[in-house]
Amino acid sequence: MSLQDIETRIAAATRAAGRPAGAVTLIAVSKVQPLERIRAVLEAGHRIFGENRVQEAEGKWPGFRAEFDGLSLHLVGPLQSNKLARALDLFDAIHSLDRDSLARRLAAAVQARGACPTLFVQVNTGREPQKAGIAPEALDAFLATCRGEYDLPVSGLMCIPPVDAAPAPHFDLLREMAARNGLEGLSMGMSDDFETAIACGATHVRIGSAIFGTRAAPV
Ligand SMILES: *Cc1c(COP(=O)(O)O)cnc(C)c1O
């Protein structure tokens with residue numbers, strides 16, 4: 001696989017779903033990848049990347065930002081409150097807003113900085129105890145708090161279906177939850193299921209290994 005193959009498959013899936021060209025944004029998830037693989041994707045012209053750890057991202061992206069214009073960096077992994085300031089220094093979008101304490105601190109930081117990253121609320125659609133994300137039944141109240149109490153502009157929802165489950169029901173659930181809350185963004189779909197996600201309405205797919213190759217270590 002290569003960046004171009006994935007872009008071709010995204011375009012085909014978008015067309016097949018009867019959706020307009022460009023309706024789906026590709027986030028190239030570069031966690032744990034060697035720098036030369038990331039550089040190759042940058043040199044091929046791609047500018048939107050995802051990382052799942054603040055510390056790891058700090059080690060590689062400031063250098064690339066100095067070298068390549070127009071980068072957009074998305075945090076797709078869990079965010080601890082004590083790393084919030086560093087995350088805001090680094091990321092243009094956060095896909096893992098999932099609890100009140102984080103929203104409250106984020107709102108204060110955004111107020112102080114006068115700028116807010118693009119925000120996705122992560123939903124634990126499979127109700128997996130080890131997984132981040134807000135429970136589906138708590139989502140509507142959480143969104144109301146983010147908007148009403150904290151004045152945070154949430155753009156959409158994000159989910160990671162359980163590894164052993166068919167993903168489409170999770171993607172459908174996420175789309176329904178977004179629709180009833182008036183949200184446009186749907187961050188869903190990874191290397192193994194992005195075409196299904198696009199058929200279900202994904203606006204952002206997060207693809208790692210299919211672009212960069214297998215990761216060296218499990219994460
Ligand atoms: C690693 C990761 C991805 C990409 O996974 P692949 O299966 O390599 O495409 C997408 N989303 C999140 C949240 C991830 O942690």
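1. S30 is buried, at a relative accessible area of 0%. The model is a predicted one. S30 sits in the loop that runs between β1 (25-29) and α2 (35-43). Its side chain makes a polar contact of 2.7 Å with the side chain of E51. Leaving aside residues up to four places away in sequence, S30 touches I38, F49, G50, E51, K60, W61 and F212. E51 thus appears both as a touching residue and as the polar partner of S30.

2. The ligand site comes next. Which residues are around the ligand? They are V29, K31, V76, M158, I160, M190, S191, R206, I207, G208, S209 and R215. By class, six of the shell residues are nonpolar, three are polar and three are charged. V29 and K31 belong to this shell, while β1 covers 25-29 and is followed by the loop that holds S30. M158 is in the shell too, and β6 spans 154-158.

3. Polar pairs to the ligand deserve a check. A polar side-chain atom of K31 is 2.6 Å from a ligand oxygen atom. For S191, a polar side-chain atom lies 2.5 Å from an oxygen atom of the ligand. R206 places a polar side-chain atom 2.9 Å from a nitrogen atom of the ligand. The ligand on its own has 390 Å² of accessible area, and the protein covers 90% of that.

4. Now the backbone. R127 is not a glycine, yet it has a positive phi of about 50°. The residue is in the loop between β5 (118-122) and α6 (139-148). R127 counts as exposed because its relative accessibility, 53%, is over the 50% cut-off.

5. D151 is a second entry under this heading. Its phi is positive, about 60°, and D151 is not a glycine either. D151 is found in the loop from α6 to β6 (154-158). Is D151 buried or exposed? With a relative accessible area of 66%, D151 is exposed.

6. P153 also lies in the loop between α6 and β6. Its relative accessibility is 48%, so P153 counts as partly exposed. P153 and C116 are 37 residues apart in sequence, but their C-alpha atoms are 8.0 Å apart in space. Setting aside residues up to four places away in sequence, P153 touches C116 and L119. L119 falls within β5, which spans 118-122.

7. On the overall fold, the chain has nine helices and eight strands. Its radius of gyration is 17 Å; a compact globule of 219 residues would have a value near 17 Å, so the two agree. Along the principal axes, the C-alpha atoms fill a box of roughly 45 × 40 × 30 Å.

8. Last, packing and surface. Of the 219 residues in the chain, 50% are buried. What share of the contacts with a separation of 6 or more comes from residues 24 or more positions apart? The share is 59%. The chain exposes about 10,100 Å², and carbon and sulfur atoms supply 51% of that area.

Definitions and conventions: Residues are numbered from 1 along each chain as its sequence is written. This is a predicted model: local features need pLDDT of at least 70, side-chain atom pairs count only at pLDDT 80 or more; totals for chains, interfaces and linings use all residues. Side-chain values use heavy atoms; hydrogens and water are left out. A residue is near a molecule or strand if one of its heavy atoms lies within 4 Å of it. A polar contact is a pair of N or O atoms within 3.5 Å; within protein, one must be able to donate a hydrogen and the other to accept it, and residues adjacent in sequence count only if both atoms are side-chain atoms. Accessible areas come from the Shrake-Rupley method with a 1.4 Å probe; for residues, only the protein chains shown count as cover. Ala, Val, Leu, Ile, Met, Phe, Trp, Tyr, Cys and Pro count as nonpolar, Asp, Glu, Lys and Arg as charged, and the others, Gly among them, as polar. Helices (H or I, at least four residues) and strands (E, at least two) are DSSP runs, numbered from the N terminus. The radius of gyration is taken over C-alpha atoms; the globule rule is 2.2 Å times the number of residues to the power 0.38. Buried means under 20% relative accessible area, exposed over 50%, partly exposed in between (1.4 Å probe, protein chains only). Contact means heavy atoms within 4.5 Å.
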